[in-house]
Amino acid sequence: MKRLRTLETSANSSNLIDLLSEEIVFTILDFIDTNPLDRKSFSLVCKSFYITESKHRKNLKPLRQEHLPRILNRYPHVNHLDLSLCPRINDNSLNVISNTCKDSLNSIDLSKSRFFSYNGLMSLALNCKNLVSIDLSNATELRDSAAAAVAEAKNLERLWLGRCKLITDMGIGCIAVGCKKLRLISLKWCISVSDLGVGLIAVKCKEIRSLDLSYLPITNKCLPSILKLQHLEDIVLEGCFGIDDDSLAALKHGCKSMKALDISSCQHISHVGLSSLISGAGSLQQLTLAYTCPVTLALANSLNRLSMLQSVKLDGCAVTSAGLTAIGNWCISLSELSLSKCLGVTDEGLSSLVTKHKDLKKLDITCCRKITGVSIAYITNSCTNLTSLRMESCTLVPSEAFVLIGQRCQFLEELDLTDNEIDDEGLKSISRCSNLSSLKLGICLNISDEGLSYVGMKCSKLTELDLYRSAGITDLGILAISRGCPGLEMINMSYCIDITDRSLISLSKCSRLNTFESRGCPLITSLGLAAIAVGCKQLIKLDIKKCHNIGDAAMLPLAHFSQNLRQITVSYSSVTDLGLLALASISCLQSMTVLHLKGLTPSGLAAAVLACGGLTKVKLHLSFKSLLPQPLFEHLEARGCVFEWRDKEFQAELDPRCYKLQWEDIPQ
């Protein structure tokens, strides 16, 4: 009783929240949604929560470089710093980071920045001793001196250098000598790196698990050293045109630890060279051969001995029925198969294959234009555990075949039926797939609100819905989706010409919506978009191109409520200088597409882009190039903004059915 009275006295004299231990508050924070607004609300509850939230935060993704000092002081225990939204990170920024974070920093992403150099990287490497991961992708101006600075990060385990085209073998050699703990390195498109640099990595960095050498001018000379790496699990050789069958034939033993191999677009490798490369690779689980040699009987037989193989991607390859039948006769059972855009896929070959591989979870038959309902019958009868089925533009598949998908493949989570003959009966059947999270129905001209209503009623887990140019959809269908799918995050209803503000008002109840595309919907107005702005505060991407009735009245609520907006397209709308200037107050905004706005003047455009401090890309009509002062471009480009110019004339909109006919006339 005495203890109880003590607790009561304590509760009366202070806030009950203050009695919670730091560990309990940390546990609460672990369960809070990743939405930054939730964490912000939590930190504003009381002073103790504010302090505890700052200690708990380990990952940061700032929007602006100039905010770094204040943010890092607020969150002193950051492990991972993602600066991919900050294109203007320079040496001063890296000095601030290294001096503030010091040993707490483990990982940093600089993949979208290009204003730093040797000095900033050296400060980072010397002050942040526990740094294990650096992403320098797209830093096209970095040279060997910068690579030498990276080499000072002695504990580095993961390094991405994609498109660092000026770094040569000398710089890679420095990294190889200095960073011996490397487990992953990506040299994709480092076109100044040759066999010598790759060989040094293989010789010095014995712990390498993952190696990306895509589009490097390498030959067979470095391959023996690579394949001797005892822990190598994942190697990407995409677009390595210097590797051919003759060079691979010299390999006596493959890499026993290799689990994933990608030789996409290696056009000089056939089944002969592939056999040499994978000899001894008994642990191989994933094989990607996209846009390489034809899938023949000989190729299929050469892969048959890979007893651990689970995933095969043959996108863009010419295939034969004999080759597919041989894959079907393998002793193993695949879990993933991709035949996207493969020429030669027929009912005979595909049916034979899926009959044997009954454990398939993911199947991609995009643009396999020769298959019919026969293939779908075999797929749905054999592969009942499918979680992902992509079959865009399988135009010979009749409407009744789609009913089988819903009847037999009820574990589906992803389904792409773009440009197919599915109708409302098919949608009714597919609505049985209650785990569906992604459904793409673009250019499906036979569906209507009736079919979509079934999806809304039964697919409550839906987060992504694509209705692009599905002209039979109106407000009734969208209302059913908004009511039944409260977790919707992305919707594309572009060119659904009967959609009105009713749809937008109903979608405004989907608070997690982050991507909204409604281009070419002439009946929606500023009123509807204002409702989206108020209700969907997580909005990141917005496309209202050719929505002629949307103007400045919608931009004002967007500016006030949609503070997470990063990308917007307002071309062919009724937005004027005033609306564009309002958008400039959104601190997150990075990309704007502004074409054919009748109410836009050069002075208004200049004021808007100057005021929008976070812009990284602006797409404009070419006519503005001569109307804006050159110093304006120089100033904005110095801030990290890129201008893209278009000289397109105003385009009249096609009827959806005419559009599909035009689409089918394009050579595939």
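1. Glu414 is partly exposed, with a relative accessible area of 22%. In this predicted model, the side chain of Glu414 meets that of Arg390 in a salt bridge, at 3.0 Å from N to O. The pair joins distant parts of the chain: Arg390 belongs to strand 14 (residues 388-390) and Glu414 to strand 15 (residues 414-416), 24 residues apart. Arg390 likewise counts as partly exposed, at 35% relative accessibility. Neither residue qualifies as buried, because that class requires a value under 20%.

2. The salt bridge just described belongs to a wider set. How many salt bridges does a search of the whole structure find? The search returns twelve. The points that follow take up several of them.

3. A salt bridge also forms between Arg88 and Glu66, whose closest N and O atoms lie 3.9 Å apart. This distance satisfies the criterion, because the cut-off is 4 Å. Arg88 is located in the loop between strand 2 (80-82) and helix 6 (91-101), while Glu66 is located in the loop between strand 1 (59-60) and helix 5 (68-74); the pair therefore ties together parts that are 22 residues apart in sequence.

4. Are the two partners of this bridge buried or exposed? Arg88 is buried, at a relative accessible area of 13%. Glu66, by contrast, is partly exposed, with a value of 42%.

5. Arg646 and Glu644 form a further salt bridge, with 3.3 Å between the closest N and O atoms. Arg646 is partly exposed, its relative accessible area being 30%. Glu644 is also partly exposed, at 23%.

6. Salt bridges can also be joined into a network. Which residues are linked in this way? They are Glu53, Arg57 and Arg74.

7. Turning to the nonpolar interior, the largest core comprises 195 residues. Within this core, Ile97, Ile108 and Leu261 have the most contacts. In soluble globular proteins, nonpolar side chains tend to be buried together.

8. The surroundings of Ile108 merit a separate entry. When residues up to four places away in sequence are not counted, Ile108 touches His80, Leu81, Leu83, Leu94, Ile97, Leu124, Leu131, Ser133, Ile134 and Asp135. One of these contacts, Ile97, is itself named among the residues with the most contacts inside the largest core.

9. A second core, separate from the largest one, consists of five residues. Among them are Val25, Leu29, Cys46 and Phe49.

Note on methods:
Residues are numbered from 1 along each chain as its sequence is written. This is a predicted model: local features need pLDDT of at least 70, side-chain atom pairs count only at pLDDT 80 or more; totals for chains, interfaces and linings use all residues. Side-chain values use heavy atoms; hydrogens and water are left out. A nonpolar core is a set of buried Ala, Val, Leu, Ile, Met, Phe, Trp, Tyr and Cys residues joined through side-chain atoms within 4.5 Å. Buried means under 20% relative accessible area, exposed over 50%, partly exposed in between (1.4 Å probe, protein chains only). Contact means heavy atoms within 4.5 Å. Helices (H or I, at least four residues) and strands (E, at least two) are DSSP runs, numbered from the N terminus.
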